[in-house]
Amino acid sequence: MPENIVILLVVIGVLIFSLILILLSRYRRCPSDKIMVIYGKVGTNKDGSARSAKCIHGGAAFVWPVIQAYEYLDLTPISINVDLANALSHQNIRVDVPSRFTVGISTEPGTMQNAAERLLGLKLTEIQELAKDIIFGQLRLVIATMDIEEINTDRDKFVEAVYHNVETELKKIGLRLINVNVTDITDESGYIEALGKEAAAKAINDAKKSVAEKNRDGAIGESQAVKDQRIQVAEANASAIAGENESKAAIAQSDATRREVEADALRRATAAEKIAEAKALEEAYAAQQQAEEARAQRDAATQQADIIVKAKIEKERMELEAEAEAEQARRRARGEADAIYATMEAQARGAQEILAKQAEGFKKLVEAAGGDPNCAVQLMLADKIEELLKTQVEAIKNLKIDKVTVWDSMGGKDGASTTSNFLSSMMKSIPPLNETFKMAGMKIPDFLGSDISDSPETVPAPETDTAKDETAGL
């Protein structure tokens with residue numbers, strides 16, 4: 001009995017120790033360069049809705065088995081090279097702004113929750129591409145609200161605007177903007193270069209103006225010294241009246257030399273000042289001319305681009321319409337051709353069928369004639385003889401004679417009347433039956449009568465007075 005109790009206690013102790021080890025193995029510590037995201041059943045929000053994840057940075061937490069799991073978000077900064085080209089500024093001038101952005105996953109509570117919901121499971125390159133798309137759009141938006149002068153000269157304002165816009169959008173997916181480095185700004189029209197030349201020309205002109213002012217101050221000082229000299233000389237002359245006559249010649253010579261030196265110095269100072277002013281104006285005008293030429297070239301390029309783009313669009317539209325009409329015409333032509341071909345094919349098959357049937361009939365007819373083609377032809381003609389005779393009779397059937405007046409002198413041949421000769425000739429204009437058989441290569445049967453051409457000519461009987469009167473009545 002005691003042994004069983006000991007074994008039971010040992011088993012219980014082992015189970016408790018295993019449970020402690022399992023629990024300790026589910027206690028996870030979060031490194032300082034990562035965010036631990038615990039997901040599953042992690043509690044509810046203040047409004048009572050279920051939380052999607054629990055984010056921990058710089059601490060540790062217990063992850064319940066089965067109902068919870070965890071993953072890490074890396075806080076390593078991500079460097080993104082953004083080579084923005086042809087961005088449209090507020091002045092409708094396209095500029096190139098190559099820059100480099102450094103972003104990373106934010107550790108702020110709300111932003112960190114966004115990162116857990118939108119970035120968990122994504123690779124570093126996928127996060128980089130997602131952030132790059134957001135930066136491109138916001139950078140274009142910032143440039144569109146600023147002038148070229150502001151972007152080029154006031155870099156702090158430009159970077160601050162970029163920070164504000166990009167940071168706001170990046171927080172929506174759990175990122176924060178660490179650094180922005182704009183390397184250089186250029187434009188395709190040369191406007192920034194012209195501004196630089198204008199600033200350089202202004203600095204040079206200011207320096208030359210300063211030199212001219214210094215020269216002017218020197219000339220004024222020299223004049224003041226001459227004035228003092230004259231005063232001192234006059235005082236010396238006043239105090240030395242006794243030696244005035246003796247030194248008059250020397251004084252006159254000294255005055256002439258002094259005046260010559262003064263005139264030469266004044267001339268050089270005035271000439272130097274005028275030359276400096278002329279050069280300054282010349283360089284200023286040259287810089288202004290270059291700026292105007294660059295602006296004119298930009299306006300001309302803009303107008304030309306608008307005209308060419310509209311012309312190309314109109315040309316492509318007309319080409320597409322012409323191709324569509326040509327395709328419709330080709331399809332209609334193919335349809336008509338197919339219909340004609342089908343009709344002709346059907347007619348050809350019908351004609352072929354008729355000819356085949358006729359050939360089959362001719363073949364049977366020749367077989368019925370004992371294989372003699374001539375007899376077969378004669379059989380065919382004999383079958384059609386009725387139609388031939390009917391055609392002959394139809395030749396004069398519809399002949400209409402309104403009135404015939406005959407003055408018969410009874411001077412016909414062999415005592416026959418002229419009227420009887422006329423009627424006999426009219427009837428002879430129709431080929432006799434035996435002639436029709438001869439033209440067909442056949443001989444009239446004996447039961448139809450003998451050949452009329454071989455019998456002696458029948459002399460018509462003389463007309464009686466009654467016949468003459470009837471004929472005259474016609």
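In this predicted model, helix α5 turns one face inward: F158, V162, V166, E167 and L170 are all buried there. These five residues sit on the same side of α5 because they cover an arc of only 145° around its axis. Flip to the other side of α5 and the picture changes, with D156, E160 and H164 exposed. The pattern fits a simple rule: an α-helix has 3.6 residues a turn, so residues three or four places apart point the same way.

What sits over the buried residues of α5? The cover includes two strands, β7 (94-105) and β8 (175-182), along with two helices, α3 (124-144) and α4 (148-153). As for its own dimensions, α5 runs from residue 155 to residue 171, which makes 17 residues. From the first C-alpha to the last, α5 reaches 24 Å, close to the 24 Å expected at 1.5 Å a residue.

Now for some charged pairs. Side chains of opposite charge can pair when their charged atoms come close. Searching the whole structure turns up 16 salt bridges. One of them links E169 and K172, with 3.3 Å from N to O. How accessible are these two partners? E169 has a relative accessible area of 24%, so it counts as partly exposed. K172 is partly exposed as well, at 47% relative accessibility.

A busier arrangement turns up in helix α7, which spans residues 244-368. Here E327 pairs with R331 in a salt bridge, and their closest N and O atoms are 3.1 Å apart. Why do these two line up along the helix? E327 and R331 are four residues apart in α7, so about one helical turn separates them. E327 is partly exposed, because its relative accessible area is 26%, whereas R331 reaches 55% and therefore counts as exposed. E327 has a further partner in R334, and that salt bridge comes out at 3.7 Å from N to O. R334, at 43% relative accessibility, is partly exposed. Put together, E327, R330, R331 and R334 form one network, joined by salt bridges that share partners.

Not every surface feature involves charge. I5, L8, L9, I12, I16, F17, I20, L21 and L24 make up a nonpolar surface patch of about 870 Å². L9, one of the patch members, lies in helix α1, which covers residues 2-25. Is L9 buried or exposed? With 54% relative accessibility, L9 counts as exposed, because the cut-off for that label is over 50%.

Stepping back to the protein as a whole, there are 11 helices and nine strands. How much of the protein is buried? Of its 474 residues, 20% are buried. The protein exposes about 33400 Å², and 58% of that is supplied by carbon and sulfur atoms. As for which parts of the chain touch, take the contacts with a separation of 6 or more: residues 24 or more positions apart account for 69% of them.

Note on methods
Residues numbered from 1 in each chain as written. Predicted model: local features only at pLDDT ≥ 70, side-chain atom pairs only at ≥ 80, totals over all residues. Heavy atoms only, no water. Expected span 1.5 Å × (residues − 1). Buried < 20%, exposed > 50% of the residue type's maximum accessible area, 1.4 Å probe, protein only. Arc of directions from axis to C-beta. Contact = heavy atoms within 4.5 Å. Patch = residues over 30% accessible without salt bridge, like charges linked within 9 Å, V, L, I, M, F, W, Y side chains within 5 Å. Areas by Shrake-Rupley, 256 points an atom, 1.4 Å probe, with all protein chains shown as cover. Salt bridge = Lys/Arg side-chain N within 4 Å of Asp/Glu carboxyl O.
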